[in-house]
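Trainee: Could you take me through one part of this protein closely, strand by strand and residue by residue? I would like to see how a single strand sits among its neighbours.

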Amino acid sequence: MENTDKKKLLIANVAALTVIAVVLTVLAINGTGAVVEVAGNNAVYRGSPDRNGVSLMFNVYWGEEYIPEILDLLDAYNVKTTFFIGGSWAAKNMELVREISDRGHEIGSHGYNHKDAEKLSYDRNMDEMVPAERLLEQLTGKEVRLFAPPSGSIGQEMFNAAEDLGYTVVMWSRDTVDWRDKNADLVYKRATSDTQSGELILMHPTEHTLKALEKILQYYQNSDLKPMTVGENIFG
């Protein structure tokens, strides 16, 4: 093989290895394969590995019919977790928002109308964040300082708005995909398989998540993993 061909082959191999390294890095960061390389990206994808903690985080824009039973199960296992609540949902379910908070669970913001934050300007991101924060704080009497972007959509203007409001932007280390795959066994597997300390596990208040929840909590209990709020997992 001539030197020119050898150089071309070497360059191609280096390029291929670079692509593989980038993909593996992305997978390691957020557990989903979603590209998260946004300038100024300071989102949190997992908590501390030193607390033996794991956080179930419920994003809520629907599913109110299952939340009371979810709350009862969490109480039965003495587990506190984090509910990221959409403002438009909260406006229709004020008493349920109060109950979630009164039962000791952490409340985060999920924006107001489930808009794609990456496509919004700074001002439009503010229009989503500020009203949701005001309503949630009014209902619970507690400060809201965690923000989970709807659909995990992130962009520079979203980060700018979140920073100016003093938010910690929260993503996840693993996703149960319970909104799509209506299967309790899959939800259980995704919430427990090779779970490590510091995991932030995305869920929604679905019927099949409710069906899987007790088994998930039992698994953590038997594995010496302590379910905790996202704030506790991140900040201690």
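Mentor: Happy to; here is a walk along strand β1 and outward from there. Please keep in mind that this is a predicted model.

Let's set the scene with the whole chain. The chain has nine helices and eight strands. Of its 236 residues, 49% are buried. If you take the contacts in the chain with a separation of 6 or more, residues 24 or more positions apart account for 76% of them.

Now to the strand itself. Strand β1 covers residues 53-60. How many of its eight residues are buried? Eight of the eight are, so β1 is largely enclosed by the rest of the structure. In a regular strand, side chains alternate between the two faces of the sheet. In β1, one side carries G53, S55, M57 and N59, and the other side carries V54, L56, F58 and V60. Both faces are covered, with the residues on each side all buried.

Which strands pair with β1? One partner is β2, residues 82-85, which runs parallel to β1 and is joined to it by four bridges. Within that pairing, F58 has F83 as its bridge partner in β2, and N59 has F84. Another partner is β7, residues 199-203, which pairs with β1 in the parallel sense over five bridges. There, the bridge partner of V54 is E199. Strand β8, residues 226-227, is also parallel to β1, and two bridges join them. V54 turns up here again, with P227 as its bridge partner in β8. So that you can find V54 on your screen, look for it with E199 of β7 and with P227 of β8.

Between β1 and β2 there is a helix to follow as well. Helix α2 spans residues 67-76, and together β1, α2 and β2 form a right-handed β-α-β unit.

Let's step across to β2. T82 and F84 point one way from this strand, while F83 and I85 point the other way. Buried or exposed? All of these residues are buried. β2 is also joined to strand β3, residues 106-109, by four bridges, and the two run parallel. In that pairing, T82 stands opposite E106.

V60 is a good residue to zoom in on. V60 belongs to strand β1. V60 is buried because its relative accessible area is 0%, and buried means under 20%. What surrounds it? Leaving aside neighbours within four places in sequence, V60 is in contact with I67, F83, F84, I85, G86, W89, H110 and P205. For a long-range view, try T206: V60 and T206 are 146 residues apart along the chain, and their C-alpha atoms are separated by 9.8 Å.

H110, one of the contacts of V60, also takes us to a cavity. The structure holds one cavity of 30 Å³ or more, and the largest cavity has a volume of about 50 Å³. Its lining is made up of H110, G111, K115, A117, L120, N125, E128, F147 and P150. Those lining residues divide into four nonpolar, three polar and two charged.

From the lining you can carry on to S153, since A117 lines the largest cavity and is also touched by S153. S153 lies in the loop between β4 (146-147) and α6 (156-165). S153 counts as buried because its relative accessible area of 10% falls under the 20% cut-off. Not counting residues up to four places away in sequence, S153 touches D116, A117, E118 and M158.

For a contrast with the buried positions, have a look at R98. R98 sits in helix α4, residues 94-102. With a relative accessible area of 29%, R98 is partly exposed. R98 and L139 are 41 residues apart in sequence, yet their C-alpha atoms lie 6.0 Å apart in space.

To pull the strand picture together, β1 pairs in parallel with β2, with β7 and with β8, and β2 goes on to pair in parallel with β3.

Definitions and conventions: Residues numbered from 1 in each chain as written. Predicted model: local features only at pLDDT ≥ 70, side-chain atom pairs only at ≥ 80, totals over all residues. Heavy atoms only, no water. 1 Å grid on protein atoms, 1.4 Å probe; cavity = no way out; pocket = protein on both sides within 12 Å on 5 of 7 lines; lining within 4 Å. Points joined across faces, edges and corners; volume = space filled by probe spheres on them. Nonpolar A, V, L, I, M, F, W, Y, C, P; charged D, E, K, R; others polar. Buried < 20%, exposed > 50% of the residue type's maximum accessible area, 1.4 Å probe, protein only. Pairing = 2+ DSSP bridges. Right-handed = clockwise from strand over helix to strand, strands pointing away. Contact = heavy atoms within 4.5 Å.
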